[in-house]
Amino acid sequence: EAQDNGSYFFKYCMENLPEKEKKHIYFILDKKSLQWPQMKKYGRNLVPFMSARHMLYMLAARIYVASDARNHGFAWKPKPNIITRQISQKKMLFLQHGVTALKKVDFFYGKGKAGSCNLFVVTSDFEKGIIEKYFGYAEDEIVNSGFARWDVLEDKSEGLREILIMPTWRSWLENATAEEFKKSDYFRNYMELLNSRRFHDFLEKNDLCANFYLHSKFREFMQDFSVESKRIRLIAFGEEPANELMMRCKMLVTDYSSVCWDVFYLDKPVVFFQFDRKKYEEAHGSYLDMSKELFGECADNVD
């Protein structure tokens with residue numbers, strides 16, 4: 001996808017740097033991406049995913065700038081080979097995928113770990129403190145600049161009456177079969193919410209619509225969800241840009257997703273639906289005390 005901090009950082013470079021500098025900056029994108037047509041305007045600066053140029057430029061690059069780990073730039077996972085060895089030695093500017101707070105990830109992104117970087121971008125002094133305390137980076141290895149994707153965020157909810165429901169994934173369901181997924185608390189709770197008569201009546205009474213946007217890791221299970229209300233839309237990952245849905249909504253319902261910070265940045269209300277908090281904290285952990293430090297109302301059941 002071309003929807004995250006990496007693509008907005010790339011666009012900024014293309015639109016603001018002198019020609020002699022930007023001609024050496026490249027963005028890798030799958031041709032099947034919905035954003036490919038609008039990104040084609042960048043010509044040779046756009047590199048097709050898994051092309052020969054992709055492989056060569058990954059090896060020739062001086063620095064990687066990314067919203068995820070450097071190994072995400074390379075699709076294969078064989079035992080160490082010449083390409084993965086080269087990749088691991090490159091300098092890395094980590095733009096982040098989401099604010100680091102609700103999920104512990106220092107075991108991977110910590111200094112010296114598999115996903116470590118040379119410069120770590122954060123959004124606040126609060127987050128900077130987390131990176132210093134738990135990740136082991138020095139002050140001069142952290143830059144508090146905010147996210148590149150936040151440069152384009154604006155409130156577009158005027159005249160619209162939309163609630164965005166956007167849950168994150170669960171590690172214990174990552175390799176689940178369709179049958180296992182449908183038996184999970186995750187599926188049961190969201191199906192119960194989406195088909196709640198009380199919720200449908202609330203939408204009707206207040207002339208509201210709800211958009212349900214499932215996490216990319218669960219995209220294969222989207223077909224298992226169903227709703228009876230015409231006021232609720234089920235949106236598969238990639239069908240619509242996530243940031244557009246956030247800009248259009250009046251409020252967000254999520255669980256532990258870092259999109260809560262994007263909506264909070266827009267000064268919109270957030271409700272946290274945490275029916276499995278104990279299990280989530282055991283599996284993932286959090287840098288916040290979610291019983292005291294969340295910035296919105298919290299619910300632990302559908303009612």
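**Exercise 1.** In which helix is Asn16 found? Classify its exposure and find what its side chain reaches.

*Solution.* This is a predicted model, in which local features need pLDDT of at least 70, side-chain atom pairs count only at pLDDT 80 or more, and totals for chains, interfaces and linings use all residues. Residues are numbered from 1 along each chain as its sequence is written, and side-chain values use heavy atoms, with hydrogens and water left out.

Step 1: Asn16 is found in helix 1 (residues 5–16). Helices (H or I, at least four residues) and strands (E, at least two) are DSSP runs, numbered from the N terminus.

Step 2: Asn16 has a relative accessible area of 45%, so Asn16 is partly exposed. Buried means under 20%, exposed over 50%, and partly exposed in between (1.4 Å probe, protein chains only).

Step 3: The Asn16 side chain reaches the backbone oxygen of Tyr12 at 2.8 Å.

**Exercise 2.** Locate Ile28 and state how its exposure is classed.

*Solution.* Step 1: Ile28 is found in strand 1 (residues 27–29).

Step 2: Ile28 counts as partly exposed because its relative accessibility is 31%.

**Exercise 3.** Describe the open sheet of six strands and its edges.

*Solution.* Step 1: The strand order is 9-8-7-10-11-12, with parallel pairing. Two strands pair if DSSP finds at least two bridges between them.

Step 2: Strand 9 (232–235) and strand 12 (297–299) are the edge strands, each pairing on one side only.

Step 3: Strand 11 (residues 270–273) runs parallel to strand 12 and is joined to it by three bridges. Phe273 has Ala299 in strand 12 as its bridge partner.

Technical notes: A polar contact is a pair of N or O atoms within 3.5 Å; within protein, one must be able to donate a hydrogen and the other to accept it, and residues adjacent in sequence count only if both atoms are side-chain atoms.
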